[in-house]
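Please open the model in your viewer and keep the sequence panel beside it, since this tour moves from one selection to the next.

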Amino acid sequence: MLPEEVTQFIGKSTGVRVFEVEKGAIRRFADAVDDPNPLYWDEEFARNSRYGSIIAPPGFFGWPSRQPRGAALTEESMAGLSTALAQAGYPRVLDGGIEYEFFCPIRAGDTLAASTEIKEIRERKGSTGNMVFLIRETSYFNQNGDLAARARSISIHR
Amino acid sequence: MAEQLYWDDVEVDTEVKPLPKVATSQMLVKWAGASGDFNPLHYDSSFASSQGIGKPIVHGALKRQWLVQLMTDWIGEQGTLKKFSCQYRAMDYPRNMKSMTEPEEGETWWCKGRVIKKYVEDGNHLVDCDIWIENGQGEKTTPGKATAVLPSRG
């Protein structure tokens, strides 16, 4: 059984974070993946494409802006969750996977507003010890208020 | 870019054009900076040991983007990725660098996929694919699924 210090986070949301989708950040991202797709690199190709401009690769939503310490309620609440999990015997974390739905293109110059909700925290008994599966859902809205994408990510705590 | 793929030319069991990738310690540092994921698990050997991992591992999210590229390369400029998922089932370890630009000999990863369903919904011509990454031993470390809209000649 997980203690209430952990389960109290179910349903909690981070509040809105803002991501600016900069062209340079798109290119650093594509470079790190080693993805030469001209929709990320070639202005003229992108302008003549059905997008009309450079777009972000699916899965890139802008570099996560770091808020000054103390300014961001969101990061503090997440840190509280990590501490609670560590105290419950799950100090280590691995990325388990992700699911995306893409609703509209994200272009260089867009500003995205994202909020993340803790959907599920589940303990599972395993042969190599117990693990906790944590599911977060993030929705990304663009500057026109359109839902651009939704992500469900799973982290595994052990 | 390669020639545009059309929905009409795809059948169930059609192979997604495979994409080879090599993960290096250098690529992981680039990825950390580009994605904002600075977990030392991916670049600090002693931290990785202390976490019971042994040595730095490839970011799951980098493997995710390899699979995204597998799909976006294949569906082309006229295709649209609608849904995508993957699970990081096994760890992958990057090659170390031999020089500033060359990795040591070692593992090559292959991103692969196969069409499992072809259908029309709300006027969109869609394909569902199984996708995965195979490590150098041919083991699927990162399975997933993708749904894309393709242009139709119809």
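A residue is called buried here if 20 or more other C-beta atoms lie within 10 Å of its own, exposed if 12 or fewer do, and partly exposed in between. The model on your screen is a predicted one, and the tour begins with chain B as a whole.

Select chain B and colour its residues by burial: of the 154 residues in this chain, buried ones make up 36%. With the C-alpha trace displayed alone, chain B spans about 55 × 30 × 30 Å along its principal axes. Switch next to a cartoon, in which three helices and five strands can be picked out in chain B; followed along the sequence, they come in the pattern β-α-α-α-β-β-β-β. If you draw the contacts in chain B between residues at least 6 apart in sequence, 67% of them join residues at least 24 apart.

Now bring chain A into view and turn to the place where the two chains meet. Here 24 residues of chain A are in contact with 28 residues of chain B. On the chain A side, the elements that give two or more residues are helix H2 (23–33), helix H3 (38–41) and strand E2 (93–102), and E2(A) gives the most, with eight residues. Coloured by residue class, this side of chain A divides into 12 nonpolar, five polar and seven charged residues.

Stay with E2(A) and add strand E2 (residues 80–87) of chain B to the selection. These two strands run antiparallel, and five bridges join them. To look at one position in detail, centre on A:Glu101, which stands opposite B:Lys83 in E2(B).

Two further stops concern the backbone, and a general point prepares them: most residues other than glycine have a negative phi. Which value does phi take at A:Asp34? It is near 65 degrees, a positive value in a residue other than glycine. You will find A:Asp34 in the loop between H2 and H3 of chain A. Because A:Asp34 has 16 C-beta neighbours inside 10 Å, it counts as partly exposed.

For the last stop, select B:Asp13, which lies in the segment before strand E1 (15–21) of chain B. Although B:Asp13 is not a glycine, its phi is positive, at about 85 degrees. Is B:Asp13 buried or exposed? With 9 C-beta neighbours inside 10 Å, B:Asp13 counts as exposed, because the cut-off for that class is 12 or fewer.

Conventions
Residues numbered from 1 in each chain as written. Chains lettered and ligands numbered in written order. Predicted model: local features only at pLDDT ≥ 70, side-chain atom pairs only at ≥ 80, totals over all residues. Contact = placed C-beta atoms within 7 Å. Helix = DSSP H or I, 4+ residues; strand = E, 2+ residues; numbered from the N terminus. Nonpolar A, V, L, I, M, F, W, Y, C, P; charged D, E, K, R; others polar. Pairing = 2+ DSSP bridges.
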